[in-house]
Structure formats: structure tokens, C-alpha cells
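Me: Could you take a close look at one part of this model for me? I would like to hear about the aromatic rings and what surrounds them.

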Amino acid sequence: MTNQNELQTTYQTKLAKINDTYLPMISNQLEGYGIKFTDYQRTCVINALAEINNALETAGTAINKIDQQTLTQILQKVAALQLNASATPREVYFLTRKKKVGSDWDTQLEMGIEGDGNDSLLARFGRGVKTVHKFWEVREEDTFTYPRMKGLTMTDPEWEPTGKGKVVRIVYPVTKENGDIEYLIAEREDVVRNLTAHINNNMMNETFGIAKNRYQATDQQKKEIDVKKKELKEKMVGKSLDELLDDETFEKLISPAWKEPQSRESMIIRKMRNNVTKKYPKNFENAFLAMSYEEATSEDTRELRRDVTESANTTKFEAIETVEEEPEEAQKKPVIIDYDLETGEVSAPEESSEHNEPVQHTNENSADPF
């Protein structure tokens, strides 16, 4: 027990030194963009660093081994958007993936926003939004009446929960600054568009056994591959969400997170929530906030990788070019980092660990702490 306590104390001490390196830098950079660095933003950065540290250790690398410009960019985004990696449920996540650079494989770090992170962004930056209330999960056997408009007067929706059946829609009641109530509604069947995009992304590098890979395919093989892709896209037309998920034709093109019984419904609910919150108009105080939001939400491929990696199933999907997916939901182990305050060097741990998650952002004038 004593050794375990000493290990935990050492870990916390080293991580505190890492925090001391990055926090002043992020604070100065944000203030340079006209954003006051609050205590809560400080907490968000500290929690992000802990998660990033775990992610990098899981990937077999260390915080001083990755691109520092990318790391500071991610920390800036986390702070500017006030996303908390330790919130329950979590608001932001970090992924590692392998990408071939020349003859070597580099560990790439990426940041993505969770469903509850989108709720927070809607509440914080939604145009004219005062309060985002707890969303309703309307199920198949519930009684639900849609809101109705009579001129400019709206009749509120009515909902009688039964708790029975699949969730068929998500409703966010939103109080506006002018006192009006708005109801944001997402339908289950609209998620078919998310799933179709997911399948199309997974088809990007698919050769259906016609060629070893799409880069080595001959012109004739490319034509055959395109014909096969066209056939599959045509087969998707008109299918409902559940029909598409259950169709064995697309089984290899749909990640386990969509199909596994324990994650299928939660995935669909998350997509419904995102379809509401991400599209709502946002107002940002300055250009840097707007840019941070755009960069954090614009990459559909990042969300694809999230879908792929959040399942324990080890099936691999290539999201873009030469990408190797890393399992995200692995157990996390603390990492001991040796930080020398005099030299500013951070040493990787002697023993490699097995678990992790990651990050991303940039400022050409950022000081490299290492």
C-alpha cells in the first residue's frame, strides 16, 4: 500500500509540474486574443492535460515527444470553449491514431467534442439562449404532441413518458433571453443521414477484395470498385435507420459502436442530440472563439474515428489515407514523468503502459516548453 501511495504522490507531483509549464503559456496566449483566463478555464486545461497524458501513455509515447504546437492549440481550444474532460458525462475527448510519415509512423493527437460538450456550447454561445433545459427522451410508447403555431403564438408540446420502447426523438426546451420558449426537436429516423455518411466514409478506402488497396489498383480495378460503391450507395436509398443497421450487406462498413447491443441505442441518441445542438446558431465574442469552435466541430472524419474506436470490438476501419485506429476505451494507467525544472526536460517513463486518449491546436509564436 505504501508503494502505491508513493507512486500516486509522485504521479501527482510530476503532473503538477507539467501543469505549471503549460498553464501560464495558455493564459498569456488567450489574453493575447482578448479572452480573460478564468478559474474555470484553468480547471478545464488541467483536466485536459491529465486526460492527454493518459492518452499519450496509452499510445506508448510521452508529452515531450509530440508536436508542441499541436498540443498548445488543443489546450487553447479547450480553454476558449470551456470544455471539461472530467465532467460527468464528459464534454471533450482525446484520440490517438497512427499516421505514416515517410517511412515512420507518427502518433497523431486529436480532440473531439462529446454530446454534453455540445450542450454546454449551446448554453454558453447559442444565439439569444438563456437556459438549455434537460432534454426529453421521447420513446415509442410515450404520448407526444408536437408544438403548433397559430400565427406567432405557439402551443407547447405535451409529453407523457412511459419509459417503454426505443427513443424516437429528442426534445430540447430552450428559454431565450427575451423570455420565449423554443423547442428543438431531433427525430430518430433523421439519424439515417449520419449513418449513411459514416458508411460512405468507410467506403473511401474499400476495394472489396478487387485490389490490395486503392493506391495500387489499376484503372480497370478502380472502375470495378467504383461500380461496387455505386451499387451499395443505391441500395442504401429508401432504407430506414434500423433496416440499414440490420442489413448484412453493410456489416463490414459499419463500426461496432453503431451495431453492438450495448452501444447501438446510446449512439443513436448521441447523434440525435448532436443534430440539434451542433446546428443551432452561435454567437462568439471574438474571432478566435469562432475559429476554435469551427476547428473543433468541422471534421466529420474525427467523429468517424470516434465512432470506430469507442467500441471494445477490435475491428479496424481506415478513416482517411493511411490511418490505424487506436482502441479508445482501454483502461487508463497513471504515467510517471520526470520533469527537470532546471533544464525544462520531461523524460518518458521507463515502462510503457497500455492505455490512452489525445489532442490538437496552433500558434506559431507559442514557446516550446521543452
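Reply: Phe135 is buried, with a relative accessible area of 10%, and this is a predicted model, so please read every value here as computed from it. The ring of Phe135 has company on the charged side too: the charged end of Lys134 sits over it, 4.1 Å from the ring centre.

Now to the aromatic pairs, of which there are seven in the model. One of them joins Phe125 and Phe284, whose ring centres are 4.9 Å apart with 40° between the planes, a tilted arrangement. Phe125 belongs to helix H4 (residues 115-125), while Phe284 sits in the loop between helix H9 (261-277) and helix H10 (287-297), so this contact ties together parts that are 159 residues apart in sequence. The two partners differ in burial class: Phe125 is buried at 6% relative accessible area, whereas Phe284 is partly exposed at 22%. The cut-off that separates them is 20%, below which a residue counts as buried.

Phe135 itself pairs with Tyr172: their ring centres lie 5.4 Å apart and their planes meet at 40°, so this pair is tilted. Here, too, distant parts of the chain are linked, with Phe135 in the loop between strand E3 (129-132) and strand E4 (136-139) and Tyr172 in strand E9 (residues 167-176), 37 residues apart. Tyr172 is buried, with a relative accessible area of 1%.

Going back to Phe125 and Phe284, ring pairs also bring in Tyr293, and these three residues make up a cluster.

For the wider setting, have a look at the nonpolar cores. The largest has 36 residues, and Leu75, Phe94 and Met111 touch the most other members. Helix H4, the home of Phe125, is among the elements that each supply at least two residues to this core, as are H10, H3 and strands E1 (92-101) and E2 (104-113). H3 gives the largest share, seven residues. A separate core of 30 residues includes Leu184, Met236, Leu244 and Ile268.

Helix H3 (residues 68-81) deserves a moment of its own. Its 14 residues reach 20 Å from the first C-alpha to the last, close to the 20 Å expected. Of those 14 residues, 13 are buried, so the helix is largely enclosed by the rest of the structure. Just after H3 comes Gln82, which takes a positive phi of about 55°.

Notes. Residues are numbered from 1 along each chain as its sequence is written. This is a predicted model: local features need pLDDT of at least 70, side-chain atom pairs count only at pLDDT 80 or more; totals for chains, interfaces and linings use all residues. Side-chain values use heavy atoms; hydrogens and water are left out. Rings of Phe, Tyr and Trp (its six-membered ring) pair if their centres lie within 6.5 Å; planes under 30 degrees apart count as stacked, over 60 as edge-to-face and the rest as tilted. Helices (H or I, at least four residues) and strands (E, at least two) are DSSP runs, numbered from the N terminus. Buried means under 20% relative accessible area, exposed over 50%, partly exposed in between (1.4 Å probe, protein chains only). A charge sits over a ring if NZ of Lys or CZ of Arg is within 6 Å of the ring centre and within 35 degrees of the ring normal. The expected span of a helix is 1.5 Å times one less than its number of residues. A nonpolar core is a set of buried Ala, Val, Leu, Ile, Met, Phe, Trp, Tyr and Cys residues joined through side-chain atoms within 4.5 Å.
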